[in-house]
Amino acid sequence: MTSIPRYLPLVLCISALHSAKAEVRLPAILSDHMVVQAGKPAVLWGWADAGEKVAVEFGSQKAETTAGSDGKWKLQVALPAGEGPHQIRVQGKNSLTIQDVLVGEVWVCSGQSNMEWKVQQSLQPEKDIAEANFPKIRHFDIKNTISATPKDDVEGAWVVCSPQTVPNFTAVGYFFGRELHQKLKQVPVGLVAPNWGGTVAEAWTSRAALEAEPLLKPMLDRYAKQDADFNEEAAKANFEKAKASYEKAQAAWKDAAAKAKAEGMPVPPAPAAPRLVTRVSSGPNFPANLYNGMIAPIVNLPIRGAIWYQGESNVGRAFQYRTVFPNMIGNWRKDFAQGDFPFYFVQLAPYSYGRGKGDPTPCAELWEAQLRTLRNVPKTGMAVTTDIGDVKDIHPKNKQEVGRRLSLWALRHDYGQKDLVFSGPLYRGSKVEGGKIRIQFDHAAGLKSSNGAALTHFTIAGEDRNFVAAEAKIEGDALVVGSAEVAKPVAVRFAWRDDAEPNLVNGAGLPASPFRTDEFPAVTEANQ
């Protein structure tokens, strides 16, 4: 029997590695069933050997480039005629083909848990799931990824919409995309979904953008101190102690549950399992960690715009959100390098964040930060949800209406439906008139109460800043607000509580955004 030289496996291994390196490779988001943004050249990128020539054919369109010294390549290619399906062929030393490519509308659907919430978790989803025969709607769910530095790829796959696949689509994203698909003559829609429950906006922002904003230095310093002060041994010891207590509590709970069942009584809630506290920089809620892992890898992708549902995790620092949120939008627009693309977001639904403890207005201040962003950042839009929330559930189920309201902004501003009413009443200004204050709005045609009852959640104050319940009367497209308790009013507030569910809407039934006419100090202003 002929012996095999000892060095041969090593040679074969090196040869295999060299061969693998030589192959042209694409990022996961450039793959079968993808949707390419209409109206812009397609952008393709990937990896190859340094200096390797890469040629692309997209239908009848062609382009080529050469990989740089780092092995990276990127090119633009004109779109073929029609929506497809098309093929994209990439040729280097090897050949790759992307199948079933459609040309349509691509939207990034990002945020925390209310964007991550699935279709199957939405309000009575059975009918929506059964009717989801929309093969031109495609969904790309980006795997949750943390990174201290910008990554160049994500994990995920394009999935064609059907009753079998749609249950796991982002609900808000799907209902938004379904509206576009149906209202725009069955246009293909691609939904790219980087989202992660319980996350803060600064985690979705690049380090460079955060460090460039002086107002955010105290926040970055706080995170750095938390990380520096972390004691891993103490954390482990606390976890072991908590685990021992949990095991005892779990045993006691099992006995109590069995006893309750035997007596026909409600079973008490099970004790919560302990969690090992880890260094903040190793988790999702550290500045730039999610941007690096889930946004940076897709910034080459041409898109129409983004929709965003987040803020719950920033409520305690609502005043700071006035800076954090616009900073993030500007960061994305800069790094995607596609101009001021549309950015539409959801104003949070009412929820009892304090649960009866402390000041009940931090969420109202977050609403205000979102309203300021709408006013100050171009090409933004805001879907108000004060009428479709659940003050006992931070995840209200009616994602169908949330998606529809976001779509109104896109249909009106991006797709030419000029006669569409796309927003509820937005506070414009106020004027003291004797013992009352007149409130002016934008988007207020047909101002009314949604349920025919008196308007709710208005308060008014004089120089003493003591706010009391007020009566609001509709006069055309304005309101006149007053109270017999305040002879000389200086300020009005509307829905200025975390759990407010007011009834002021316009003629299209879209709710008014919470607002205040004053600039009194915010309760969250000191929280950095």
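This is a short tour of a predicted model, going from the whole chain to one helix and then to one sheet.

**Whole chain.** Start with everything shown. The C-alpha trace of the protein chain spans about 105 × 65 × 55 Å along its principal axes. Its secondary structure comes to 11 helices and 23 strands. Of the 528 residues, 51% are buried. The accessible surface is about 24100 Å², and carbon and sulfur atoms account for 53% of that area. Among contacts between residues at least 6 apart in sequence, 73% join residues at least 24 apart.

**Helix 6.** Now select residues 217–229, which form helix 6. The end C-alpha atoms of this helix are 18 Å apart, in agreement with the 18 Å expected for 13 residues at 1.5 Å a residue. Colour Met219, Leu220, Tyr223 and Asp227, the buried residues of helix 6. They lie on the same side of the helix, because they cover an arc of only 100° around the axis. In general, an α-helix has 3.6 residues a turn, so residues three or four places apart point the same way. To see what covers the buried residues, add helix 5 (207–211) and helix 9 (318–336), which are among the covering elements. Then turn to the face directed away from the buried side, where Lys225 and Ala228 are exposed.

**The four-stranded sheet.** Next, show strands 18, 17, 21 and 23, which make an open sheet in the order 18-17-21-23 with antiparallel pairing. Strand 18 (468–469) and strand 23 (515–516) are the edges, each pairing on one side only. Zoom in on strand 17 (residues 458–461), which pairs with strand 18 over two bridges. Finish at Thr459, whose bridge partner in strand 18 is Ala469.

Terms used
Residues are numbered from 1 along each chain as its sequence is written. This is a predicted model: local features need pLDDT of at least 70, side-chain atom pairs count only at pLDDT 80 or more; totals for chains, interfaces and linings use all residues. Side-chain values use heavy atoms; hydrogens and water are left out. The expected span of a helix is 1.5 Å times one less than its number of residues. Buried means under 20% relative accessible area, exposed over 50%, partly exposed in between (1.4 Å probe, protein chains only). The arc is that of the directions from the helix axis to the C-beta atoms. Contact means heavy atoms within 4.5 Å. Two strands pair if DSSP finds at least two bridges between them. Accessible areas come from the Shrake-Rupley method with a 1.4 Å probe; for residues, only the protein chains shown count as cover.
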